[in-house]
Amino acid sequence: MHFYKFQADNIFSGSELLPENMVLITDENGTVLEILDQKEAGGGVQKVQGILSPGFINCHCHLELSHLKGLIPEKTGLVDFVCAIVSQRHFPEEEILNGIMNGENEMINNGIVAVGDISNTTFTLAQKQKANLKYYNFIETSGWLPDFAEIRLNKSIEFFNNFSKVGPSSIVPHSPYSVSDPLWQLVDPYFSNRLVSIHNQETNFEDELFLEKSGDFLRMYELMKLDTSFFQPSGKSSLQTYFSKLCKASSILLIHNTFTQQADLDYIKATGQFDHTFFCICANANEYIEQSFPPLGMFRKNNCNIVLGTDSLASNWSLSILDEMKTIHKHLPSIFLEEMLIWATSNGAKALQMDGQLGNFEKGKKPGVVLIERSENKHLTIHSTIRRLL
């Protein structure tokens, strides 16, 4: 059997940076055999400059929107972005499928090994059947008008049945502002003992809608000719309005969290779900759409389970977790790469319930091996790059 032996400036194990004298050994298929001191590793060691890491986990992506790269204007705000997405329905299937293939290749080249992917059409199904990456498929159900709740759920069930054949899948709510109370009630049984994701507090007027039925979402409903007369605000933040509806889930993946407040974190802690809740940061998408940045300092202070996502090429310039970390470093220059790598590897694997195989260099796992080059003093720079080794 052929073995790979890698020695680098540092090896990131999935939880910490190991010293430069350590050697990672895998079999020819990339399964981790052990990490040894160089004195015990024997010959054939491949020495590289940089930091070796397990492959990255992209916890939030819309791969099916990859054909929209560069077509949606930047910095329009969420309502105009959503309206632009809804209006983009005229593309030939071949163009959509090519975009999906190219998007997946981009993730592979950027060291990503697993993806939490939003799947609201079956366009990504054929690509996922090739098993180039591991996917957790989130089938989003949405429908603001109560009368259409059953129709919307039935469509989601149809997609769920298709995607369950190619990987773990869940039926999940798109967002609190796009799911009616009857639809919440219908989808509730499908949360039981599953991972559930939801777009959370991506914009400041999401809270405004639930606090006092005001804000820019009312303009969106008007543009889409959706009746809002039935809606009564809860008088609470968006998260505090819906979060208890997810109590049956085994774990919860909150996406964006750009305008989440300390009171919302306190609310989650009071429910007993905090340890099972993951906060997915999509920093580049937040800049692309809202010119905003999530309260990472607050999340770190509260020891939140932080993970990373790219969102889609409709709302991002690339599908690269390294690029997400660079943007975070731009806002928080003191943050060490080691901490962000935990978010990008072991935390992400736990969030997508793939930590039995991915996320760290434990013996017997096959997490992928990537090399981060051109970092300085254990910090990223604008010149840092990533290369996939296995």
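**Loop residues with positive phi**

I began with N193, which sits in the loop between α5 and β12, and I note at the outset that I am working from a predicted model. The backbone of N193 has a positive phi of about 60°, although N193 is not a glycine. I then looked up the accessibility of N193 and found a relative accessible area of 64%, so I entered N193 as exposed, the cut-off being over 50%.

I next turned to K225, which I located in the loop between α7 and α8. K225 is not a glycine, and yet its phi is positive, at about 55°. With a relative accessibility of 74%, K225 also went into my notes as exposed. I added K213 to this entry, since K213 comes just after α6 and takes a positive phi of about 55°.

**Helix α6**

From K213 I went back to the helix before it, α6, which covers residues 204-212. Which residues of α6 are buried? I wrote down F205, E206, D207, L209 and F210. I then asked what covers the buried residues of α6, and the elements I found include α1, β12 (195-200), α7, α8 (238-242) and α10 (283-290).

**Helix α4**

I looked up the dimensions of α4 and noted 15 residues, with a reach of 21 Å from the first C-alpha to the last, which is close to the 21 Å expected at 1.5 Å a residue. The buried residues of α4 are A149, L153, S156, F159, F160 and F163. Why do I describe these buried residues as lining one face of the helix? Seen down the axis of α4, they fall within an arc of 120°, and so they line one face. I kept in mind that an α-helix has 3.6 residues a turn, so residues three or four places apart point the same way. On the face of α4 turned away from the buried side I found the exposed residues E150 and I151. For the cover over the buried residues of α4, my list includes α3 (125-128), β10, β11 (169-173) and α5 (181-187).

I then singled out S156, which has its place in helix α4. Its relative accessible area is 4%, and I therefore recorded S156 as buried, the cut-off being under 20%. Leaving aside neighbours within four places in sequence, I found S156 in contact with I139, E140, T141 and I171. For the pair S156 and T141 I also noted the separations, which are 15 residues in sequence and 5.9 Å in space, C-alpha to C-alpha.

**Pockets**

For the largest pocket I noted a volume of about 1,400 Å³. Its lining is made up of 44 residues, and those closest to the centre of the pocket are I85, V86, R89, N120 and S142. Which elements give two or more residues to this lining? I found α1 (78-87), β10 (134-141), α4 (149-163) and α7 (217-223), and the largest share, 5 residues, comes from α1. Sorted by class, the lining of the largest pocket has 21 nonpolar, 16 polar and 7 charged residues.

For the second largest pocket the volume is about 370 Å³. I counted 22 lining residues here, with V113, A131, N132, L133 and K134 as those closest to the centre of the second largest pocket. By class, I entered 11 of its lining residues as nonpolar, 6 as polar and 5 as charged.

**H329 and L389**

I looked up H329 and found it in helix α12, which runs over residues 321-331. Is H329 buried or exposed? Its relative accessible area is 16%, and I therefore entered H329 as buried, again by the cut-off of under 20%. Apart from neighbours within four places in sequence, H329 is in contact with I335, M340, H379 and L380.

My last entry is on L389, which lies in the segment after β17 (385-388). Not counting residues up to four places away in sequence, I found that L389 touches F6, L52, V369, V370 and L371. I also took the C-alpha to C-alpha distance between L389 and G30, which is 9.5 Å in space, with their positions 359 residues apart in sequence.

Conventions:
Residues are numbered from 1 along each chain as its sequence is written. This is a predicted model: local features need pLDDT of at least 70, side-chain atom pairs count only at pLDDT 80 or more; totals for chains, interfaces and linings use all residues. Side-chain values use heavy atoms; hydrogens and water are left out. On a 1 Å grid over the protein atoms alone, a cavity is a set of points where a 1.4 Å probe fits but cannot get out, and a pocket is an open set with protein on both sides within 12 Å along at least five of seven lines; lining residues have an atom within 4 Å of a point. Grid points are joined across faces, edges and corners, and a volume is the space filled by probe spheres set on the points. Helices (H or I, at least four residues) and strands (E, at least two) are DSSP runs, numbered from the N terminus. Ala, Val, Leu, Ile, Met, Phe, Trp, Tyr, Cys and Pro count as nonpolar, Asp, Glu, Lys and Arg as charged, and the others, Gly among them, as polar. The expected span of a helix is 1.5 Å times one less than its number of residues. Buried means under 20% relative accessible area, exposed over 50%, partly exposed in between (1.4 Å probe, protein chains only). The arc is that of the directions from the helix axis to the C-beta atoms. Contact means heavy atoms within 4.5 Å.
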